Amino acid sequence: MIDTHTHPYLDQFSDGGIHAVERALSAGVTHMVFPNVDESTLRPMMSLHAKYPDVTSMAFGLHPTELGDDWQASVDVMEDLLANGEAVAVGEVGIDLYWDMSRRQDQITAFRRQLRIASRLDLPVIIHCRDGLDDTIDAIRAEKPPVRLIFHSFTGSPQDVVRIRQVCDPMFGINGVVTFKNASQLREALPLIGAERMLLETDAPYLAPVPYRGKRNEPAYISATLRKAAETLGISAGELEEITDSNAKTTFRL
């Protein structure tokens, strides 16, 4: 199992994520992709990756909710790191208007700039989209990035899948939300997405799947998401694991 989006380096893990990575490996996780959040998370993320270079990869980007007044300089930092060739993706980047709409235009501008960076460096893009699908689609339509896009933590409806596919042919990151009782529209969307366009992720320490809901999430819990997604698609967990692992390896060139 490959966890294509996880943050065990964050402060919720008091040991810097070491034990979470070890538990994941013991649980059958073979690789983990660490997306960055902002400049403050660079050091802990890179430190954890340095301890497990063979089973982890990094992505660099500025998260839409972390835009400060000098966000352009932060994107400069990410661009320099991406140009060094250590990253497997740009991310996580995108549009998030759930908490605050006051920086909407900055978010759009930052997202479009990071799409251009990804295009120039031929890197896939991990997209964070929350209450911002219209702006996200508009940015993709405007930039036309010639790289693979990943709609991380996708929780949308079949109609959202159709809208997205009108502008691009992305991968969809499916995490613990698929196990929630109130996620029926996401489960309805899975057959439309199809296993061939699906990636598994945890987004740890957030969104722990049932039966761990309410606890701090971690990469070792990804098997619960795998089982529920496979059940929804009507295939075996082993078959979906094989398909999504192959998808991850291709998408991130692992």
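**Helix α9 and its packing against α8**

In the predicted model, helix α9 (residues 237–252) has 16 residues and should therefore span 22 Å at 1.5 Å a residue, which agrees with the 22 Å between its end C-alpha atoms; the expected span is 1.5 Å times one less than the number of residues, and helices are DSSP runs of H or I of at least four residues, numbered from the N terminus. Because the model is predicted, local features need pLDDT of at least 70 and side-chain atom pairs count only at pLDDT 80 or more, whereas totals for chains, interfaces and linings use all residues. Residues are numbered from 1 along each chain as its sequence is written, and side-chain values use heavy atoms, with hydrogens and water left out.

The buried residues of α9 (under 20% relative accessible area, 1.4 Å probe, protein chains only) are Leu240, Thr244, Asp245, Asn247, Ala248, Thr251 and Phe252. They cover an arc of only 160° around the axis, taken from the directions to the C-beta atoms, and so lie on the same side of α9. Exposed residues (over 50%) on the face turned away from this buried side are Glu242 and Thr250. Arg253, with a positive phi near 55°, follows α9.

The axes of helix α8 (residues 222–233) and α9, fitted to C-alpha atoms over the stretch in contact, come within 9 Å and cross at roughly 105°, which makes α8 roughly perpendicular to α9 (65 to 115 degrees). Leu226, Arg227, Ala229, Ala230 and Leu233 of α8 meet Ala237, Leu240 and Glu241 of α9, contact being heavy atoms within 4.5 Å.

Technical notes. Helices (H or I, at least four residues) and strands (E, at least two) are DSSP runs, numbered from the N terminus. Axes are lines fitted to C-alpha atoms, for helices over the stretch in contact, and angles run from 0 to 180 degrees between N-to-C directions. Angles under 35 degrees count as roughly parallel, over 145 as roughly antiparallel, 65 to 115 as roughly perpendicular and the rest as oblique.
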